[in-house]
Amino acid sequence: MNKSANLKHAFYATCSNVAYLTTGTKLYFQCWWKNDYGNQWWHVRVAGTSTYGWMSSDNIDVVTVDDDGDGVTEERICEIL
């Protein structure tokens, strides 16, 4: 994370908080979504925990890594029902 921010229950700034995360916290990206205001949010897991939530792209530096060595990195759009 490039700054301290709240991890949210959903992809809007007004949604309730899951946790407060500090600068440098490592997140694992699951997928992303753009809300009705055009803001991009990532569904993430906090590294070393089972804590999940939504983080605004304004608060993170996205770096994709080939975590299983298959030569593929991908960013997925979340399937919101």
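How many helices and how many strands does the chain have? The chain has zero helices and five strands, where helices (H or I, at least four residues) and strands (E, at least two) are DSSP runs, numbered from the N terminus. The model is a predicted one, in which local features need pLDDT of at least 70 and side-chain atom pairs count only at pLDDT 80 or more, while totals for chains, interfaces and linings use all residues. Residues are numbered from 1 along each chain as its sequence is written, and side-chain values use heavy atoms, with hydrogens and water left out.

**The whole chain**

Start with the whole chain in a cartoon view, and follow the elements from the N terminus on, which run β-β-β-β-β. Switching to the C-alpha trace, you will find that it spans about 40 × 30 × 20 Å along its principal axes. A compact globule of 81 residues would have a radius of gyration near 12 Å, and the chain, at 12 Å, agrees with that; the radius is taken over C-alpha atoms, and the globule rule is 2.2 Å times the number of residues to the power 0.38.

Next, put a surface on the chain: its accessible surface comes to about 5400 Å², of which 47% belongs to carbon and sulfur atoms, the areas coming from the Shrake-Rupley method with a 1.4 Å probe, and for residues only the protein chains shown count as cover. Buried residues make up 28% of the 81 residues, where buried means under 20% relative accessible area, exposed over 50%, and partly exposed in between (1.4 Å probe, protein chains only).

For the charges, select Lys and Arg, which count as positive, and Asp and Glu, which count as negative, leaving out His and the chain ends. The chain has 6 positive and 10 negative side chains, and the centres of the two sets lie 9 Å apart, with the place of a charge taken as NZ of Lys, CZ of Arg, CG of Asp or CD of Glu.

As for contacts, meaning heavy atoms within 4.5 Å, consider the pairs between residues at least 6 apart in sequence: 41% of these join residues at least 24 apart.

**The disulfide**

Now select the cysteines. A search of the whole structure finds one disulfide, defined here as a pair of cysteine sulfur atoms within 2.5 Å, and this one joins C31 to C78 with an S to S distance of 1.9 Å. The torsion about the S-S bond of C31 and C78 is about 100°, so the disulfide is right-handed. Because C31 lies in strand β3 (residues 27–34) and C78 in the segment after β5, the pair ties together parts that are 47 residues apart in sequence. Are C31 and C78 buried or exposed? C31 counts as buried at 13% relative accessibility, and C78 is buried too, with a relative accessible area of 6%. C15, by contrast, is in no disulfide, and the nearest cysteine sulfur, that of C78, is 14 Å away.

**Two glutamines in strands**

Stay in strand β3 and select Q30, which is partly exposed, with a relative accessible area of 25%. Leaving aside neighbours within four places in sequence, Q30 is in contact with H43, V44, R45, Y52 and R76. The C-alpha atoms of Q30 and W54, 24 residues apart in sequence, are 9.9 Å apart in space.

Move on to Q40 in strand β4 (residues 40–46), a residue that is partly exposed, with a relative accessible area of 23%. Not counting residues up to four places away in sequence, Q40 touches W32, W33, K34, M55, S56 and S57. One of these, M55, is 15 residues from Q40 in sequence and 8.8 Å from Q40 in space, C-alpha to C-alpha.

**The segment after β5**

The last stops follow β5 (52–56). Select N59 in this segment; N59 is buried, with a relative accessible area of 13%. Beyond residues up to four places away in sequence, which are not counted, N59 touches M1, N2, K3 and A5.

V63 is found in the segment after β5 as well, and at 58% relative accessibility V63 counts as exposed. A distance drawn between the C-alpha atoms of V63 and G24, 39 residues apart along the chain, should read 13 Å.

Finish at E74, also in the segment after β5, which counts as exposed at 59% relative accessibility. From E74 to N6, 68 residues apart in sequence, the C-alpha to C-alpha separation is 25 Å.
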